[in-house]
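Q: I am new to this structure and should like to learn how its features are read. Where should we begin?

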Amino acid sequence: MPKIEKVEGETFSLRVTRRKSRKRSKRTSESARIRVKCGCCDEAVEISHDDRLISPASNFLEINGVMGTVQEWRHVFAPLLGFQPVVSTAKGGAKKTTWESLI
Ligand SMILES: [Zn+2]
């Protein structure tokens, strides 16, 4: 049974369990997973992810069955979490996005 980590908040504590990736057979494996359960009921969000962070553009997260790159999810969630994008341009013209905290 995975260890339940409580994330304390203003009202209810989120209950978080983590599972490392594992091989099921020679050809199949299960991704690493984070399950976040509501503090007041059994509603949950399940996030499957790669154990290794290669790059935000090529790593995928599957959140409740919806697949997207880390970069895509960052654009969805960062504003909700109090971050805004700061786009800078290097000498060669390559654009780089960093995230600035608004809080
Ligand atoms: Zn609830």
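A: Let us begin with the two parts of the chain: the C-alpha centres of domain 1 and domain 2 lie 22 Å apart. Please bear in mind that this is a predicted model.

Q: Which residues belong to domain 1 and which to domain 2?

A: Domain 1 is made of residues 1–21 together with 29–51, and domain 2 covers residues 53–103.

Q: How many residues of domain 1 are in contact with domain 2, and of what classes are the residues on that side?

A: Across the boundary, 6 residues of domain 1 are in contact with 6 residues of domain 2. The side of domain 1 that touches domain 2 has 2 nonpolar, 2 polar and 2 charged residues.

Q: Which elements make up the chain, and in what order do they run?

A: The chain holds 10 strands and 1 helix. Read from the N terminus, the order is β-β-β-β-β-β-β-β-α-β-β.

Q: Why is the chain described as more spread out than a compact globule?

A: The reasoning rests on the radius of gyration: it is 17 Å for the chain, well over the 13 Å that the globule rule gives for 103 residues, so the chain is more spread out than a compact globule. Along its principal axes, the C-alpha trace spans about 50 × 45 × 20 Å. Buried residues account for 1% of the 103 residues. A residue is counted as buried here if 20 or more other C-beta atoms lie within 10 Å of its own.

Q: What do the contacts along the sequence show?

A: Of the contacts between residues at least 6 apart in sequence, 8% join residues at least 24 apart.

Q: How are the strands of a sheet held together, and what is the strand order in the open sheet here?

A: In general, strands of a sheet pair through backbone hydrogen bonds, and the pairing is either parallel or antiparallel. In this chain, an open sheet of 6 strands follows the order S1-S2-S5-S6-S7-S8, with antiparallel pairing. Strand S1 (5–7) and strand S8 (66–69) are the edge strands, each pairing on one side only. From one strand to the next, the twist averages 25 degrees.

Q: How many bridges join S1 to strand S2, and which residue stands opposite Lys6?

A: S1 and strand S2 (residues 14–19) run antiparallel and are joined by 3 bridges. Opposite Lys6 stands Arg15 in S2.

Q: Where does helix H1 pack?

A: Helix H1 (residues 70–77) packs on the sheet, where it touches strand S7 (60–63) and S8. The direction of H1 makes about 100 degrees with that of S8.

Notes:
Residues are numbered from 1 along each chain as its sequence is written. This is a predicted model: local features need pLDDT of at least 70, side-chain atom pairs count only at pLDDT 80 or more; totals for chains, interfaces and linings use all residues. Helices (H or I, at least four residues) and strands (E, at least two) are DSSP runs, numbered from the N terminus. The radius of gyration is taken over C-alpha atoms; the globule rule is 2.2 Å times the number of residues to the power 0.38. A residue is buried if 20 or more other C-beta atoms lie within 10 Å of its own, exposed if 12 or fewer, and partly exposed in between; C-beta atoms are placed from the backbone. Two residues are in contact if their C-beta atoms, placed from the backbone, lie within 7 Å. Two strands pair if DSSP finds at least two bridges between them. Axes are lines fitted to C-alpha atoms, for helices over the stretch in contact, and angles run from 0 to 180 degrees between N-to-C directions. Domain bounds come from an automatic or database domain assignment. Ala, Val, Leu, Ile, Met, Phe, Trp, Tyr, Cys and Pro count as nonpolar, Asp, Glu, Lys and Arg as charged, and the others, Gly among them, as polar.
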